[in-house]
Amino acid sequence: ANDAEIFQEDTGVAASTTTPWHLALSFWVLGLLNNASYVIMIACAKNISEGGTALVFLANVGPSLLVGLSAPYWFHHISYRYRMLMATTGMVLSFALVAFNSHGDTGKSAVLMWKLLGVAMGSFQSGLGEASLLALAGKCDGENSVSSNAKRQCLTCFSSGTGMAGVFGFFWKWFWNDLLGFPVSTMIWLAMVLPLGYWSTFRHVMMVEECHRSAVTTTIASITEEQATPESEALTLDNPSERSPLDTTNYDTKIENMSVSERFFFVLRLWPYIVPLFTVYAAEYALQSGTWTAIGFPVDDIHSRDRFYEFSNWMYQAGVFLSRSSGTLWTAPIWILWLMPGLQCVNLIMFTKVAASHNSAASWLYTPGSLYIGAFYSGLLGGACYINAYTRICKDFPLQYQEIALSSTSVGESLGIFMADILGLFIQSCLYQANGLDGALVQCPI
């Protein structure tokens, strides 16, 4: 029996083992809003710089990567409140810089630089917000339950919200710009409502979490000493047979007392979680920025290629949303966590081969139906790897190390996207060359 069951049996009072629904819902909204700015900038990449979309993609990941790399060394000095205030300010500046400089002559280099700075501010916001909120969600799940087997509701809801952000961001651009015909600058000015909702939702999370944690703490404090779980037990894994390759039970240094070198080696030991995230992100973003740009029906028609790119991304985002919402259903063992990136790499190879040789024997796969299903499958793999990497950390690590582990592991995402943005340029170039298309920004090395 777990702590909650023992307590209820002996006292007749049910201890809280679930997260308040409005706290979980707030984390879903935070996930949606945190990543919405990133997706809106991706959706507007061609409008921001018609001939240099690769620059937009790189500006949209660079600052986020720097935040992820440096987070273990300064996050503990700055509270969640100030980090989220910095993130909210970054979102406001991002929208303002891009919207203000989208008027008039957008071809001037100075104007482009200001817009790229705005994109970079959005990248800083999404990276800082995601690393902070992942850690906060794990912290809330851990502190709001006396049961070690409680489902990761806050973490799953945040993950699900980030999955919906892809659909939301592309819909925002489509609705205001494509459907209603508003200029891009107006569409982005309208997005200024998002930072307000972002900060307000975070304040609500902090208020609800503090009240609920106080209630849970008061309840648990009334359990007698002999009923309480010994501290040594609390720092062990739920099931020793499911331990990851990383032994997380040997740490005896408090987080706040860790030196810079100890933090560095702690992050290095997170490789069983960082490597799968890096690989799956590199493969799926290479699909988006490279392979899917060179597919169309027919491929030599630019409008057909744009149409396939748009719908394949919709299917991909739908798959991401579904799989990122599955965190309360199961937690994948470490070998499956590593299998999913491998399958995504196979997916990249298959899509690229079909795109390069659609006139050969592989042409039977070159149909909208099969390729859209493949895009949906790509989203399922990517989203499942994301949520299971973080729920696996919560299962493998003692509570006191979960915050730093969750925030540090997110660097794998940014590293993967950065690699994919570069790789995608060359994949696109080679596929354009294979299909006799013009417009590639770099020369195919093959």
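The following exchange goes through how several labels were assigned in this predicted model.

Reader: What should I know about the numbering and the confidence limits?
Author: Residues are numbered from 1 along each chain as its sequence is written, and side-chain values use heavy atoms, with hydrogens and water left out. Because the model is predicted, local features need pLDDT of at least 70 and side-chain atom pairs count only at pLDDT 80 or more, whereas totals for chains, interfaces and linings use all residues.

Reader: What makes the contact between arginine 392 and aspartate 396 a salt bridge?
Author: A salt bridge is defined as a side-chain nitrogen of Lys or Arg within 4 Å of a carboxyl oxygen of Asp or Glu. The side chains of arginine 392 and aspartate 396 meet at 2.8 Å, N to O, so the pair satisfies that cut-off. The two residues stand 4 residues apart in helix 16 (residues 368-396), and are therefore separated by about one helical turn; helices here are DSSP runs of H or I with at least four residues, numbered from the N terminus.

Reader: Why is arginine 392 called buried?
Author: Buried means under 20% relative accessible area, exposed means over 50%, and partly exposed lies in between, with a 1.4 Å probe and protein chains only. Arginine 392 has 3% relative accessibility, so the label buried applies, and aspartate 396, at 1%, is buried as well.

Reader: How do you know that aspartate 178 and lysine 173 form a salt bridge, and how is each classed for exposure?
Author: Their side chains meet at 3.5 Å, N to O, which is how this pair qualifies as a salt bridge. Aspartate 178 is partly exposed, because its relative accessible area is 46%, while lysine 173, with 12%, is buried. The search of the whole structure finds 2 salt bridges.

Reader: What makes the void in this model a cavity?
Author: On a 1 Å grid over the protein atoms alone, a cavity is a set of points where a 1.4 Å probe fits but cannot get out, and lining residues have an atom within 4 Å of a point. The search finds 1 cavity of 30 Å³ or more, and the largest cavity has a volume of about 460 Å³. Of the 34 residues that line the largest cavity, the closest to its centre are Asn35, Tyr38, Tyr281, Tyr285 and Ile417. Helix 14 (302-324) gives the largest share of this lining, 6 residues.

Reader: Which peptide bond is cis, and what is its omega?
Author: The bond joining phenylalanine 297 and proline 298 is cis, with omega about 5 degrees, and proline 298 lies in the loop between helix 13 and helix 14.

How values were computed
1 Å grid on protein atoms, 1.4 Å probe; cavity = no way out; pocket = protein on both sides within 12 Å on 5 of 7 lines; lining within 4 Å. Points joined across faces, edges and corners; volume = space filled by probe spheres on them.
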